[in-house]
Every structure is written in C-alpha cells, then in structure tokens.
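Student: I'd like to go through this one by asking what each label rests on. Can you take me through it?

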There are 2 protein chains.
Amino acid sequence: MSHDIDDIETFDGTIHFHRPLRKRESLVRQGDPFTSIFMVRSGSLKQVIAEEGDTQLANFYLPGELVGLDGIHDSVYPGSLIALETSTVCEFPFHRLDALTVNDAKLRHYLYGRISKELRSEHRLLRLLLGKTSDARLAFFLCHLSERFHRLGFSAHRFRLPMTRTDIAHYLGLAVETISRAVSRFQRKGMISLIGREVHMLDMPALVALATGTREIPPAGHRVHVSR
Amino acid sequence: MSHDIDDIETFDGTIHFHRPLRKRESLVRQGDPFTSIFMVRSGSLKQVIAEEGDTQLANFYLPGELVGLDGIHDSVYPGSLIALETSTVCEFPFHRLDALTVNDAKLRHYLYGRISKELRSEHRLLRLLLGKTSDARLAFFLCHLSERFHRLGFSAHRFRLPMTRTDIAHYLGLAVETISRAVSRFQRKGMISLIGREVHMLDMPALVALATGTREIPPAGHRVHVSR
DNA sequence: CGGTATTTTGAAAGCTCTCAAGGGCCGTGG
DNA sequence: CCACGGCCCTTGAGAGCTTTCAAAATACCG
C-alpha cells in the first residue's frame, strides 16, 4: 500500500516489464511454480483461489502494491491473478532479490517487513470483516479502497470501482443481492453516490463510523509480564 | 504447524527459555516493542487484539507453533499473547536470527518461507470462514485443531480444548450461544462428543464434509499466459 | 444493434443474534 | 472440608439480518 516503485527500480537488472494484460487475462494461474514477485504498475488485478468445492476472491491489487508474496513458502502461486482491466505489471525474479539481500541489510529488512506487514494487514482486514454486518463490510471496503486510491495521488472521494458487484460480494463473503441492497441503502441515506462503477463518497464520517461498528466486545486476560 | 524445535535449537546461543506462564498470564502485551519470535513448548496461547471499539481473538497457538511473526514489520506486537493454561515458550531474539541469515541461505529461506506460509494459511483460514455457516465454521475449527494435535503426536480423535466456548465464538466471529447450539446439534447427530472440554471426534468424514460445505461458487476469468 | 453480463428489486425462508434465565464447575476463603 | 461467588455453558423465544429464488431493468461488447 506504499509507493516503493522508485525504491525498487534502483535494483538494476532485476526487473522485467510485461506487455500489458488485457481485461480478464491472467498473469499467473493457480498452481504455477513460483518464480517472481510482481508490482502492479497500472490497472488492477484480482486473486482467485479455487479449492475443492468453492472459489474464493482472495484479493484485489491496485498500482504500487506487491503481488505474489504468498507464493514464497512452497514455491507455488496459491491463486490465479487476473486483470480486472487493461493492466501492466513489473516482475522481480525472487532468486535475484534473494541474492541481493545477502549483503544488503536494508533490503533484507524491507523484504521481511513487507511480508510481515502483508501478513498482519490481511489478518486484520479479514478479522474485521468476520464479525460485521453487510453494511459495515461494504462501508469498510469502500473506505479501504478510497484510502488506497488516495495514497496513489487520486481523489479519496471520487473513484471508479475496478471490479464487479459480484467480485465485491465474493470478496466480502456476501451474496451479490446483499451488496446491491446495501448500495441502495447507502445512496438513499446520502452517504454515497454510485452510478455504474463511479463512486462518490459523500459522507465519509458516516461511512467510517459504519465501518467501525461491531457486534461484540470480548474480555481480555490478565496482564502480568514474564521475567526475562 | 511443523516440528522445527529441533532444527532451531541448533542455533546455539540464540534461544532463551522462559519460566512457565501461569494461566491467564501474558507473554507480551499489545503495543510492546517487538524484540523476539517465540515458539510454544507446552501449553497454549491466544492472541488478543484490541482495537477502537472491539476486541478480537486473533489466534490460538499450540506447541511447536511460532508466535510473533506479525510483529516484524513495524517493530510492535500487534496483540497481547495470553496463556490459556500453564505454558512454556522459548524465545528467539530477532536481531540474532537476522544476523544468522547473512551467511546461511538455508535459514534465510526457512524464515522467508515460514512467514510466507503463515501469511497464506491465515488468509486461507479466514477466507474459508467468511462465507460459511456457523456449523461449517465450528466443524472446520474442530478439524483444524484435530489436525494440529495429531501433528504433535496426539490423537486426532480425542483431545482437550484449551479455550473456552467464548474464545471459540470470538475467534469464529459468532455469538457464544451459536457455538453452544452447534455443539448440541453435532452431539445429537452423533458427530462428536463434547463433555466439558473433552472432545471426541466420532464421525470425522461428516465433520470434514460439513467444514468443506460453502454457499456460493463465483466464476473464474480467462486463462491466457503472459509472454516473458 | 443484438446478445450477454451485470445490477437491482421483491418476497419468503433460513440463519444468527440478542435478551433472559437456569444449572454447573472451579478456585478461594472460611 | 465445605460454602460462596464468579465464570462458563446451555437452552428458549423473538427480532433482525442475509440468503435464495425469480424477474425485470440496465450496461457493456463485439
């Protein structure tokens, strides 16, 4: 979610540029051997994971975001990466990155940190969704997108959804109809305007409040530190 | 979820052993500066994340499992780690591990892989839960626990739950009552026996089937590979 | 311009939550 | 050792939310 394109472009000779992907074209397919990490340069991708019985929309990727970190551990991409629109990416062969980390503590920490960050933010996001109502999930989703667009230098209040309502529904673990109804509800309340895929975030505070609202508050345990 | 205790104990001088933690005692508190990764040696821990408005039960850790990987990226533990019972852990100061990776490609890859694996399996788990009914969530939870105990050399069919129903509920994003009712339903159907915290998995195939059952099946995109 | 995919809306069924109450278990203190 | 209090677990009933099924309106692509 940060803009490290410039940082990484300094690693001379480790980058490959792809020809543009057309809409619906796939960058990698689930099960392909892991070779590289990618960074979205323009457009957007979705990660789709098919597992016995069901297919999951695991993630959306916008420009500047790293894709493929979850393929490191067993050398296989766990899901297909599909372009939501005409998109371009650049590729970092992992063995090159790895070689560079030997003598570069800064890069090594950057890589660790980046993976760890992904781990945590994904976890947090899914945890947040788990206990929430459909309205809260959608509000959270929109705010999250808004934030990401904003960090790219675009407006946080007006942007275009790269994905279909169906994609959003699967991503949030809801039915398409539920998304549609929530959208209508939000518009009726004047919180957003959504014509086609053009979003206007009209009442950000209300959306944030909705996104934050939860259902329950469990207790915590004691707090005694262990001696070292 | 693997047994790397022996592997890691070969890294002489980088391990510290803690005195046992009593039930409800905390190993680290949310916001503490990140210094180390831990491995559970005996007992079990839960990770609790308090965020504006709500508290989440983010994870359970059994013996052999690594704890604290999610603290790497911004040098802070994102949640409190609390013992569910009398427990022992060993500690790996991160800067020591990091220093070791400089000249040890095997360890470096192990660390990368371990973090990446965590990233993926957590993601997969939460994704699975998102679109599922309460029965499916509980069945999945029990099967997951069973698997983990089995890998530790214990029976996959009989084990003791280290956590309360309330903990399970918060972990799965459900109400306690929903868990309780699901348990009763499972027992009525002869799928499990659960007296106090003693679990008997009576009909594993049925539980697995339940855990796998989902609600929807989204479509996938095209499959055209990009030239390199 | 036609065909297909996407989106919206309605109505009924199903699932989960909330609120309430009763019983059981455990650890502590007397 | 027993009694007490607090936490944990279970169950019932009604309300609220989400899904499913069906159908119509709209947008997009070639």
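Student: What makes the meeting of Arg108(B) and Asp98(A) a salt bridge?

Tutor: This is a predicted model, and in it the side chains of Arg108(B) and Asp98(A) come to 2.9 Å, N to O. A salt bridge needs a side-chain nitrogen of Lys or Arg within 4 Å of a carboxyl oxygen of Asp or Glu, so the pair earns the name. The count between chain B and chain A is six salt bridges.

Student: How many residue pairs are in polar contact between chain B and chain A?

Tutor: There are 18 such pairs, with both residues at pLDDT 80 or more. On chain B, the elements giving two or more residues to the side that touches chain A are strands S2 (26–28) and S5 (54–61), plus helices H2 (94–101), H3 (105–130) and H5 (165–172). H3(B) gives the most, with 19 residues.

Student: What classes of residue make up the side of chain B that touches chain A?

Tutor: You get 29 nonpolar, 23 polar and 24 charged residues there. In terms of contact, 76 residues of chain B meet 77 residues of chain A.

Student: What is the area buried between chain B and chain A, and what does the figure cover?

Tutor: About 7200 Å², with carbon and sulfur atoms giving 55%. Buried area is summed over both parts, so that figure takes in what chain A and chain B each lose. In chain B, Tyr112(B), Arg120(B) and Arg127(B) lose the most area to chain A, together 12% of what that side buries.

Student: Now the DNA. Why does the approach of Ser180(B) to a phosphate oxygen of DNA strand D count as a polar contact?

Tutor: A polar side-chain atom of Ser180(B) lies 3.1 Å from that phosphate oxygen. The limit for a pair of N or O atoms is 3.5 Å, so the approach qualifies. Backbone atoms do this too: a polar one of Ser134(A) is 2.5 Å from a phosphate oxygen of DNA strand D, and a backbone N or O atom of Arg165(B) lies 2.8 Å from a phosphate oxygen of that strand.

Student: Which elements give two or more residues to the surface near DNA strand D?

Tutor: Helix H6 (176–188) of chain A, together with H5 and helix H6 (176–188) of chain B. H6(B) gives the most, four residues. By class, the surface near DNA strand D has two nonpolar, eight polar and eight charged residues. Of the DNA strand D atoms within 4 Å of the protein, 62% belong to sugar or phosphate and the rest to bases.

Student: On DNA strand C, what does Arg181(A) approach?

Tutor: A base nitrogen: a polar side-chain atom of Arg181(A) lies 2.9 Å from one in DNA strand C. That is within 3.5 Å, so we call it a polar contact. Phosphate oxygens of DNA strand C are approached as well, at 2.9 Å by an N or O atom in the side chain of Ser180(A) and at 2.3 Å by one in the side chain of Ser184(A).

Student: Which helix gives the largest share of the surface near DNA strand C?

Tutor: H6(A), with four residues. In all, 17 residues surround DNA strand C, and the closest are Arg165(A), Arg181(A), Ser184(A), Ser134(B) and Thr178(B). Sugar and phosphate account for 61% of the DNA strand C atoms that come within 4 Å of the protein.

Terms used. Residues numbered from 1 in each chain as written. Chains lettered and ligands numbered in written order. Predicted model: local features only at pLDDT ≥ 70, side-chain atom pairs only at ≥ 80, totals over all residues. Heavy atoms only, no water. Contact = heavy atoms within 4.5 Å. Buried area = accessible area lost by both parts, 1.4 Å probe. Polar contact = N/O pair within 3.5 Å; in protein donor to acceptor, adjacent residues only side chain to side chain. Nonpolar A, V, L, I, M, F, W, Y, C, P; charged D, E, K, R; others polar. Near = heavy atom within 4 Å.
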